[in-house]
Amino acid sequence: MSNTPMAASPLTRAVLEIDEYASGLGWDQPARLFALVDTARLRAQEPGLAAQLGLGDEQESSGLTPIEQDELPTGKALDEFLGTIAWPDAVAGCALTVERLMLPASAEAKVPQGLSEAKLAQWVADHPERQEVRMTVAVLRDGARESALRLREKDTPTEVLTGPDLVPGLAEALAATFED
């Protein structure tokens with residue numbers, strides 16, 4: 001994609017490509033799951049699909065191609081859904097993009113005790129310091145991880161934070177989808 005830095009690792013480029021795709025869809029979107037496949041392997045083993053995805057021979061061969069999966073089921077907790085996934089060997093990794101509300105660390109001490117999950121979610125939604133964030137997290141079979149975070153109030157490609165440890169819990173849940 002045009003805004004993806006060429007010097008970045010293939011995994012970072014894939015995460016930023018997914019972030020850019022999600023950004024183009026706008027906010028208030030459901031979570032989206034992607035398989036990450038080796039681009040060169042995809043071209044060799046599935047030339048028709050590679051052509052359909054616009055992966056010409058002139059493009060870099062060491063990259064990862066994100067392939068969006070079917071829509072995630074509604075009414076099922078994300079961690080429960082991820083626990084049902086098993087990837088075929090051709091999938092090198094996976095990524096998930098999801099929107100959440102987050103609070104600054106200073107607000108954690110003020111969280112009322114004993115709230116149900118629904119009441120806690122409402123308390124966060126009503127908090128004046130809440131931030132809407134889109135998280136894109138990817139993992140590879142070999143354990144590599146990458147994340148991109150985009151705040152709604154700073155919704156530009158130059159304001160996207162990246163790093164392997166930004167959303168460790170979600171990265172762990174995605175990595176578990178590759179365990180036997």
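**Stop 1: the largest cavity**

Select the lining of the largest cavity: it divides into four nonpolar, three polar and three charged residues. The model is predicted, so treat each stop as a look at a computed structure. To highlight the lining, pick Ala22, Leu25, Gly26, Gln29, Pro30, Arg32, Thr97, Val98, Glu99 and Arg134. The cavity they enclose has a volume of about 50 Å³. How many cavities of 30 Å³ or more are there? The count comes to one.

Now colour by element. Helix α1 and strand β3 each supply at least two residues of this lining. The largest share comes from β3, with three residues.

**Stop 2: helix α1**

Select residues 10-25. This is helix α1, with 16 residues. From its first C-alpha to its last, α1 reaches 23 Å, close to the 22 Å expected at 1.5 Å a residue.

Next, show the side chains that are buried. In α1 they are Leu11, Thr12, Arg13, Ala14, Val15, Leu16, Ile18, Asp19 and Ala22. Ala22 also belongs to the lining of the largest cavity. Look down the helix axis as you go. An α-helix has 3.6 residues a turn, so residues three or four places apart point the same way.

What do the buried residues of α1 pack against? Select six strands: β1 (32-38), β2 (64-68), β3, β4 (131-140), β5 (145-151) and β6 (161-163).

Step just past the end of the helix. Gly26 sits just after α1 and takes a positive phi of about 90°. Gly26 is another residue of the cavity lining from the first stop.

**Stop 3: two aromatic pairs**

A search of the whole structure finds two aromatic pairs. Start with Tyr21 and Phe34. Their ring centres are 6.0 Å apart and their planes stand at 90°, so this pair is edge-to-face. Tyr21 lies in helix α1 and Phe34 in strand β1, so the pair ties together parts 13 residues apart in sequence.

Buried or exposed, or in between: how do the two partners count? Tyr21 has 33% relative accessibility and counts as partly exposed. Phe34, at 4%, counts as buried.

Move to Trp87 and Phe178. Here the ring centres are 6.2 Å apart and the planes lie at 20°, so the pair is stacked. This pair links distant parts of the chain, 91 residues apart. Trp87 is in the loop between α4 (78-82) and β3, while Phe178 is in the segment after α7 (168-175). Both Trp87 and Phe178 are buried.

**Stop 4: the second largest pocket**

Select Ala77, Asp79, Arg100, Leu101, Glu117, Leu120, Ala121, Val124 and Met135. These residues line the second largest pocket. Its volume is about 350 Å³. By class, the lining has six nonpolar, no polar and three charged residues.

Which elements each supply at least two residues of this lining? They are β3 (93-102) and α6 (117-126). Of the elements, α6 gives the most, with four residues. Strand β3 is familiar by now: it also gave the largest share of the lining of the largest cavity.

**Stop 5: His127**

Finish at His127. Find it in the loop between α6 and β4. At 8% relative accessibility, His127 counts as buried. Show its contacts, leaving aside neighbours within four places in sequence. What is left is Leu103 and Ala107.

How values were computed
Residues are numbered from 1 along each chain as its sequence is written. This is a predicted model: local features need pLDDT of at least 70, side-chain atom pairs count only at pLDDT 80 or more; totals for chains, interfaces and linings use all residues. Side-chain values use heavy atoms; hydrogens and water are left out. On a 1 Å grid over the protein atoms alone, a cavity is a set of points where a 1.4 Å probe fits but cannot get out, and a pocket is an open set with protein on both sides within 12 Å along at least five of seven lines; lining residues have an atom within 4 Å of a point. Grid points are joined across faces, edges and corners, and a volume is the space filled by probe spheres set on the points. Ala, Val, Leu, Ile, Met, Phe, Trp, Tyr, Cys and Pro count as nonpolar, Asp, Glu, Lys and Arg as charged, and the others, Gly among them, as polar. The expected span of a helix is 1.5 Å times one less than its number of residues. Buried means under 20% relative accessible area, exposed over 50%, partly exposed in between (1.4 Å probe, protein chains only). Contact means heavy atoms within 4.5 Å. Rings of Phe, Tyr and Trp (its six-membered ring) pair if their centres lie within 6.5 Å; planes under 30 degrees apart count as stacked, over 60 as edge-to-face and the rest as tilted.
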